[in-house]
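Trainee: I should like to learn how side chains are arranged within a protein model. May we proceed by question and answer?

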Amino acid sequence: METKEKEKKVERNEKPASAANGFEPKIVAFLCNWCSYSGADLAGISRIQSSPNIRVIRTMCSGRVDPSFVVRAFQLGADGVMVGGCHFGDCHYVEGNFKTMRRVELLKMVLQQFGIDEKRLRLEWISASEAEKYAEVTFEFTEEVRKLGPLKLVSN
């Protein structure tokens with residue numbers, strides 16, 4: 001088991017072949033203060049490497065992430081957006097994560113109408129103690145967005 005973990009860490013440090021063309025995605029992450037942000041903070045404190053492509057915006061609750069924030073992030077040049085919240089039953093604001101889940105599903109449909117692939121928006125439930133999960137998710141999402149290539153929005 002230790003060998004597999006070492007292999008994962010080595011893989012994370014190597015630049016993928018698709019990065020050879022110079023494209024490094026810009027990803028905005030809206031993270032819940034109580035869980036996802038704390039998980040990211042724990043990853044940093046524990047010196048667990050996470051993707052450098054992620055730009056974190058701390059929110060008090062994932063339910064406070066207005067869909068217009070996500071659309072605006074794409075308009076301002078983000079290639080991907082991640083929303084992180086508490087696991088169900090753990091939300092400090094009781095129903096914030098349920099609201100988030102509904103909003104993100106609807107937002108994915110709206111983004112498709114703008115010509116934005118729904119894979120560019122990711123929703124994750126990460127608790128304050130899941131530093132490893134946060135790091136894995138950041139690398140997975142960065143690689144997924146890298147494969148999609150740069151987001152080219154056509155404006156009138």
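The exchange below concerns a predicted model and treats its aromatic rings, nonpolar cores and cysteines in turn.

Trainee: How many aromatic pairs does a search of the whole structure find?

Mentor: A pair of aromatic rings is described by the distance of the centres and the angle of the planes. Rings pair if their centres lie within 6.5 Å. A search of the whole structure on this basis finds three aromatic pairs.

Trainee: Are the rings of Phe88 and Phe98 stacked, edge-to-face or tilted?

Mentor: The centres of these two rings are 4.7 Å apart, and their planes stand at 35 degrees. Planes under 30 degrees apart would count as stacked and planes over 60 as edge-to-face. The angle of 35 degrees falls in neither group, so the pair of Phe88 and Phe98 is tilted.

Trainee: How many residues apart in sequence are the parts that this pair ties together?

Mentor: Phe88 belongs to the loop between strand E3 (80–85) and helix H4 (96–113), whereas Phe98 is in helix H4 itself. The pair therefore ties together parts whose separation in sequence is 10 residues.

Trainee: Is Phe88 buried, partly exposed or exposed?

Mentor: Buried means under 20% relative accessible area, and exposed means over 50%. Phe88 has a relative accessibility of 36%, so Phe88 counts as partly exposed.

Trainee: Which residue forms one aromatic cluster with Phe88 and Phe98?

Mentor: Phe98 is, at 34% relative accessible area, partly exposed. Phe88 and Phe98 form one aromatic cluster with a further residue, Trp125.

Trainee: Which residues in the largest nonpolar core touch the most other members?

Mentor: This core has 17 residues. Strand E1 (27–32), helix H3 (67–75), E3, H4 and strand E4 (121–125) each give two or more residues to this core. The residues touching the most other members are Phe30, Val70, Phe74, Val81, Leu111 and Leu121.

Trainee: Which residues does Val70 touch, not counting those up to four places away in sequence?

Mentor: Contact means heavy atoms within 4.5 Å. With residues up to four places away left out, Val70 touches Phe30, Val65, Val81, Leu107 and Leu121.

Trainee: Why do Cys61 and Cys91 form no disulfide?

Mentor: Both cysteines count as buried, Cys61 at 6% relative accessibility and Cys91 at 11%. A disulfide needs two cysteine sulfur atoms within 2.5 Å. The sulfur of Cys91 is too far from that of Cys61 for a bond, because the distance is 4.0 Å.

Conventions:
Residues are numbered from 1 along each chain as its sequence is written. This is a predicted model: local features need pLDDT of at least 70, side-chain atom pairs count only at pLDDT 80 or more; totals for chains, interfaces and linings use all residues. Side-chain values use heavy atoms; hydrogens and water are left out. Rings of Phe, Tyr and Trp (its six-membered ring) pair if their centres lie within 6.5 Å; planes under 30 degrees apart count as stacked, over 60 as edge-to-face and the rest as tilted. Helices (H or I, at least four residues) and strands (E, at least two) are DSSP runs, numbered from the N terminus. Buried means under 20% relative accessible area, exposed over 50%, partly exposed in between (1.4 Å probe, protein chains only). A nonpolar core is a set of buried Ala, Val, Leu, Ile, Met, Phe, Trp, Tyr and Cys residues joined through side-chain atoms within 4.5 Å.
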